[in-house]
Amino acid sequence: MEFMCFLWLGITILAAVVEAIVPALISIWFVPGGLLALIASLAGGPLWLQILLFLTGTVAALFVTRPLAKRLQKPEPASTNADRVIGAAAVVTQEINNLQATGRVSVMGNSWAARSQQEKRIPTGETVKIVRIEGVKLIVAPNTRGEPDK
């Protein structure tokens, strides 16, 4: 059964090397199973026990670490510099008219295309509050206080 020792060692090393090379978690779960089977093989355990330990160790590692792996691999939403304008006050530089698809605002020194959150026109010179970003347009609402929020 010396061959089985080398087989389990090879499986364990191969799984660890593949895991080190590939950025996703795909083979790390075979390492504990391979180590358990290798120990059983070195101790002279029968082949069925080695296979059982390999499968048990692999499945146990999968159940223990998979929730953590999923949480770590879930991409977090990437924050951009554009997000910082949400909630800020802006000055309308071109009348906002959703029906004509026109309107621009100036915020933090930048000019943005803008649309009204409500379906009403907002004249040039008004102060508005930025509610959200849709594509490359800012969705704005009239600033009821008439003063900047940020």
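## Three helices, a barrel and an aromatic cluster

Of this protein's 150 residues, 32% count as buried. Keep in mind that the model is a predicted one. The chain folds into three helices and five strands, and from the N terminus on they run α-α-α-β-β-β-β-β. Among contacts with a separation of 6 or more, 47% join residues 24 or more positions apart. As for the outside, the protein exposes about 9,600 Å², and carbon and sulfur atoms supply 66% of that.

**The helices and their aromatics**

Let's start with α2, residues 30-42. Its 13 residues should span 18 Å at 1.5 Å a residue, and the end C-alpha atoms are indeed 18 Å apart, so the two values agree. Its buried residues are V31, G33, G34, A37, L38, A40 and S41. Just after α2 comes G44, with a positive phi of about 85 degrees.

What ties the helices together? Part of the answer is aromatic: there are two aromatic pairs. W8 and F54 make a tilted pair, with ring centres 5.1 Å apart and 35 degrees between the planes. W8 sits in helix α1 (residues 2-21) and F54 in helix α3, so this pair links parts that are 46 residues apart in sequence. The other pair, F30 with F54, is stacked, at 6.2 Å centre to centre and 15 degrees between the planes. Here F30 belongs to α2 and F54 to α3, so parts 24 residues apart in sequence get tied together. Put together, W8, F30 and F54 form one aromatic cluster.

How buried or exposed are these residues? Here they are, along with T58:

| Residue | Relative accessible area | State |
|---|---|---|
| W8 | 4% | buried |
| F54 | 12% | buried |
| F30 | 35% | partly exposed |
| T58 | 11% | buried |

The cut-off for buried is under 20% relative accessible area, with exposed over 50%. At 35%, F30 therefore counts as partly exposed.

T58 is found in helix α3, residues 47-73. Which residues does T58 touch, leaving aside its neighbours within four places in sequence? They are W29, F30 and G33. F30 is thus a member of the aromatic cluster and also a contact of T58.

**The barrel**

Now for the strands. Five of them close into a barrel in the order β1-β2-β3-β5-β4, with mixed pairing. On average, neighbouring strands of this sheet are turned by 50 degrees against each other, direction ignored. Strands of a sheet pair through backbone hydrogen bonds, in a parallel or an antiparallel way. For β2 (residues 102-107) and β3 (residues 110-116) the sense is antiparallel, over four bridges. R104 has its bridge partner in β3, namely A113.

Conventions: Residues numbered from 1 in each chain as written. Predicted model: local features only at pLDDT ≥ 70, side-chain atom pairs only at ≥ 80, totals over all residues. Heavy atoms only, no water. Helix = DSSP H or I, 4+ residues; strand = E, 2+ residues; numbered from the N terminus. Buried < 20%, exposed > 50% of the residue type's maximum accessible area, 1.4 Å probe, protein only. Contact = heavy atoms within 4.5 Å. Areas by Shrake-Rupley, 256 points an atom, 1.4 Å probe, with all protein chains shown as cover. Expected span 1.5 Å × (residues − 1). Pairing = 2+ DSSP bridges. Axes fitted to C-alpha atoms, helices over the stretch in contact; angles between N-to-C directions. Phe/Tyr/Trp six-rings, centres within 6.5 Å; stacked < 30°, edge-to-face > 60°.
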